[in-house]
Amino acid sequence: MSPSPILQYVTNELRLGNSTDLEVLEQIVSTMAGIPSDMTFNEAQTMAMAGGEALQAQTLLQLGDRRHQSKLSARRLMRSLTEPGLAGQLLISIAQERQT
């Protein structure tokens, strides 16, 4: 199932000033891309992120980041954002919402 209709809905709602559907967007990104929205780093984890790729990947896995395991669904999400031109529209709508 393509997430494009849901992403289009969220974009339209943001344009109308309804930001409650940003939670839907957060869930889509978290589920499809494997990137949690509530990552907080302690001092040791911050230092580890300055290390090499392997150390960074291990630190992110420790924090619940699953982006390395979600490559196919992340590509589908990116395609759903870029092909209909929703990526730019969505970013602009989020930026405008943040200003209000």
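Two residues are in contact when heavy atoms of theirs lie within 4.5 Å. By that criterion, residues 24 or more positions apart account for 63% of the contacts in the protein chain with a separation of 6 or more. The model toured here is predicted.

**The whole chain**

Begin with the entire protein chain in view. Its secondary structure comes to 6 helices and 0 strands, and from the N terminus on the elements run α-α-α-α-α-α. The C-alpha atoms fill a box of roughly 40 × 30 × 20 Å, taken along the principal axes. Colour the surface next: the accessible surface comes to about 6800 Å², of which 56% belongs to carbon and sulfur atoms. Of the 100 residues, 28% count as buried.

**Helix H2**

Select residues 22-33, which form helix H2. At 1.5 Å a residue, these 12 residues should span 16 Å, and the end C-alpha atoms are indeed 16 Å apart, so the expected and modelled spans agree.

Now display the side chains of Leu25, Ile28, Met32 and Ala33, the buried residues of H2. They cover an arc of only 85° around the axis, which puts them on the same side of the helix. An α-helix has 3.6 residues a turn, so residues three or four places apart point the same way. Turn the view to the other side of H2, where Glu23, Gln27 and Thr31 are exposed.

To see what lies over the buried residues of H2, add helix H1 (4-15), helix H5 (71-82) and helix H6 (86-99), which are included in their cover. Then step just past the end of H2 to Gly34, which takes a positive phi of about 75°.

**Glu13 in helix H1**

Move to Glu13, which lies in helix H1. Which side chain of opposite charge is nearest to Glu13? Select Arg15: it is that nearest side chain, at 10 Å, and Glu13 is buried yet has no salt bridge. Add Asn18 and Asp21 to the selection, since both are in contact with Glu13 when its neighbours within four places in sequence are left aside.

**Leu60 in helix H4**

Finish at Leu60, which lies in helix H4 (residues 53-62). Is Leu60 buried or exposed? With a relative accessible area of 10%, Leu60 is buried, because buried means under 20% relative accessible area.

Display Met39, Phe41, Met49, Asp65 and Arg67, which Leu60 touches, not counting residues up to four places away in sequence. Within this group, pick Met49 for a distance check: Leu60 and Met49 are 11 residues apart in sequence and 8.4 Å apart in space, C-alpha to C-alpha.

Technical notes:
Residues are numbered from 1 along each chain as its sequence is written. This is a predicted model: local features need pLDDT of at least 70, side-chain atom pairs count only at pLDDT 80 or more; totals for chains, interfaces and linings use all residues. Side-chain values use heavy atoms; hydrogens and water are left out. Helices (H or I, at least four residues) and strands (E, at least two) are DSSP runs, numbered from the N terminus. The expected span of a helix is 1.5 Å times one less than its number of residues. Buried means under 20% relative accessible area, exposed over 50%, partly exposed in between (1.4 Å probe, protein chains only). The arc is that of the directions from the helix axis to the C-beta atoms. Lys and Arg count as positive and Asp and Glu as negative; His and the chain ends are not counted. A salt bridge is a side-chain nitrogen of Lys or Arg within 4 Å of a carboxyl oxygen of Asp or Glu. Accessible areas come from the Shrake-Rupley method with a 1.4 Å probe; for residues, only the protein chains shown count as cover.
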